[in-house]
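Trainee: I should like to learn how each term used for a structure is justified. Please show the model, and I shall ask about the terms in turn.

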There are 2 protein chains.
Amino acid sequence: MVKKYRKGYVAERELLHKLYEKGYAVIRAPKSGRLNLPCPDLIAIKNGKTLSIECKSRKNGFQISKDQLDELKEWERRSESKVLIGWKRSYNGWIFIPFDLVLKNKGNVGNKFADENGFKLDKL
Amino acid sequence: MVKKYRKGYVAERELLHKLYEKGYAVIRAPKSGRLNLPCPDLIAIKNGKTLSIECKSRKNGFQISKDQLDELKEWERRSESKVLIGWKRSYNGWIFIPFDLVLKNKGNVGNKFADENGFKLDKL
C-alpha cells in the first residue's frame with residue numbers, strides 16, 4: 001500500500017512539473033485533510049481554462065470505483081471544468097481520457113479504450 | 001508558530017466549507033509538498049469562473065512579503081484567474097481584497113484599506 005502510494009505520488013509530481021513547464025498554473029490536492037469534499041488529484045489552469053485531472057499510475061488497466069466516479073461527477077458539475085483521467089502507463093507515458101467517456105464506460109479503463117479515446121501530453 | 005499554523009488551518013478549512021456551501025468546487029493547497037511551485041492557499045471554481053485565494057488569519061493588519069507577492073503574480077499571470085487576499089479578522093468575519101489592489105499598496109493590508117477595497121463573503 002505504501003509502495004503504491006509512493007508510486008502514485010512520484011507520477012503526480014512528475015505530471016505537475018510537466019504541466020508547469022507547459023505554462024500552466026498547477027495545484028495538487030493534499031493527500032490528507034481533504035475534508036471529505038470531492039476533489040481530483042491535480043488542477044491545472046492556463047489562460048482561464050481549467051483542467052481537473054485524476055491521476056492513475058498503473059501497469060495495466062483499472063476500474064474507477066462508483067464512489068470516485070460520483071465524486072468526480074460532483075466536481076465536474078460544480079466547476080464546469082474539463083475533467084480528465086490521467087493514466088501513467090509504464091514505459092508508455094501519460095495518456096489523458098475525457099471523464100465523460102470513462103463514465104460512459106462505467107469507470108473501466110484498459111489499453112485499447114485509452115488508445116482509442118485518449119490523447120497524449122502534447123495535446124494538452 | 002505551531003499555534004499560528006493551527007489558527008490559519010482552521011480558518012482556511014472554515015472558508016473552504018463556506019465556499020462549498022455556496023456551490024463552488026474547492027481545493028486547498030497541501031501545507032507540505034508544494035514542490036516549490038507558486039500556489040495560493042485555496043482555489044474555488046464555479047460555472048467555469050476560478051477564484052484563487054490567499055488566506056490570512058490575523059487580528060491586525062499585515063504585510064505580504066515581496067516573495068509571496070511575486071509568487072501570486074506568477075500564479076495570476078499563468079492562470080488568468082481572479083486572485084484575492086482573504087482576511088479573516090477576529091470578530092469581523094472574512095473580507096476579500098483584489099490582489100491587484102494589494103499589489104499596488106505594496107502588500108500592505110490594514111483595516112481601513114480592507115474596508116475601502118474589500119468585499120464580504122456574500123459578494124463572492
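Trainee: Why are Lys112(B) and Glu116(B) said to be separated by about one helical turn?

Mentor: They are four residues apart in helix α4 of chain B, and therefore about one turn of the helix separates them. A helix here is a DSSP run of H or I with at least four residues, a strand is a run of E with at least two, and both are numbered from the N terminus. Before we continue, note that this is a predicted model, in which local features need pLDDT of at least 70 and side-chain atom pairs count only at pLDDT 80 or more, while totals for chains, interfaces and linings use all residues. Residues are numbered from 1 along each chain as its sequence is written, chains are lettered from A and ligands numbered from 1 in the order in which they are written, and side-chain values use heavy atoms, with hydrogens and water left out.

Trainee: What makes the pair Lys112(B) and Glu116(B) a salt bridge?

Mentor: The term requires a side-chain nitrogen of Lys or Arg within 4 Å of a carboxyl oxygen of Asp or Glu. The closest N and O atoms of Lys112(B) and Glu116(B) are 3.5 Å apart, so the pair qualifies.

Trainee: Why is Lys112(B) called exposed?

Mentor: Relative accessible area decides: under 20% is buried, over 50% is exposed, and in between is partly exposed (1.4 Å probe, protein chains only). Lys112(B) has 63% and is therefore exposed. Glu116(B), at 55%, also counts as exposed.

Trainee: How do you know that Asp115(B) and Arg89(B) form a salt bridge?

Mentor: Their closest N and O atoms are 2.9 Å apart, which is within the limit, so the name applies. This pair links distant parts of the chain, 26 residues apart: Asp115(B) lies in helix α4 (residues 111–117) and Arg89(B) in strand β5 (residues 82–89) of chain B. Asp115(B) is partly exposed because its relative accessibility is 49%, whereas Arg89(B), at 3%, is buried.

Trainee: What makes Asp70(B) and Lys73(B) a salt bridge, and where do they lie?

Mentor: The closest N and O atoms of Asp70(B) and Lys73(B) are 3.8 Å apart, so the cut-off is met. Both lie in helix α2 (residues 66–79) of chain B, three residues apart, about one turn of the helix. Asp70(B), at 32%, is partly exposed, and so is Lys73(B), at 38%. In chain A, Lys66(A), Asp70(A) and Lys73(A) are linked in a network of salt bridges. Over all chains the structure holds 14 salt bridges.

Trainee: How many salt bridges does the rule find across the interface of chain A and chain B?

Mentor: It finds zero. There are, however, nine residue pairs in polar contact between chain A and chain B, both residues being at pLDDT 80 or more. A polar contact is a pair of N or O atoms within 3.5 Å; within protein, one must be able to donate a hydrogen and the other to accept it, and residues adjacent in sequence count only if both atoms are side-chain atoms.

Trainee: What makes Gln63(B) and Asn108(B) a polar contact?

Mentor: Their side chains are joined at 3.5 Å, a value that the rule still admits, so the pair counts. The side chain of Gln63(B) also reaches the backbone oxygen of Lys106(B) at 3.3 Å. Gln63(B) belongs to strand β4 (residues 62–63) of chain B, and it is exposed because its relative accessible area is 54%.

Trainee: Why is Ser79(A) called buried?

Mentor: Its relative accessible area is 0%, so it is buried. Ser79(A) sits in helix α2 of chain A. Its contacts (heavy atoms within 4.5 Å), leaving aside neighbours within four places in sequence, are Ala25(B), Ile45(B), Lys46(B), Asn47(B) and Gly48(B).

Trainee: How do you know that a two-fold axis relates the chains?

Mentor: Chain A can be laid on chain B with an RMSD of 0.0 Å by a turn of 180° and a shift of 0.0 Å along the axis. That is the relation of a two-fold axis. The superposition is by least squares on the C-alpha atoms of residues with pLDDT of at least 70 in both copies. Of the residues of chain A, Pro30(A) comes closest to the rotation axis, at 2.2 Å (C-alpha).
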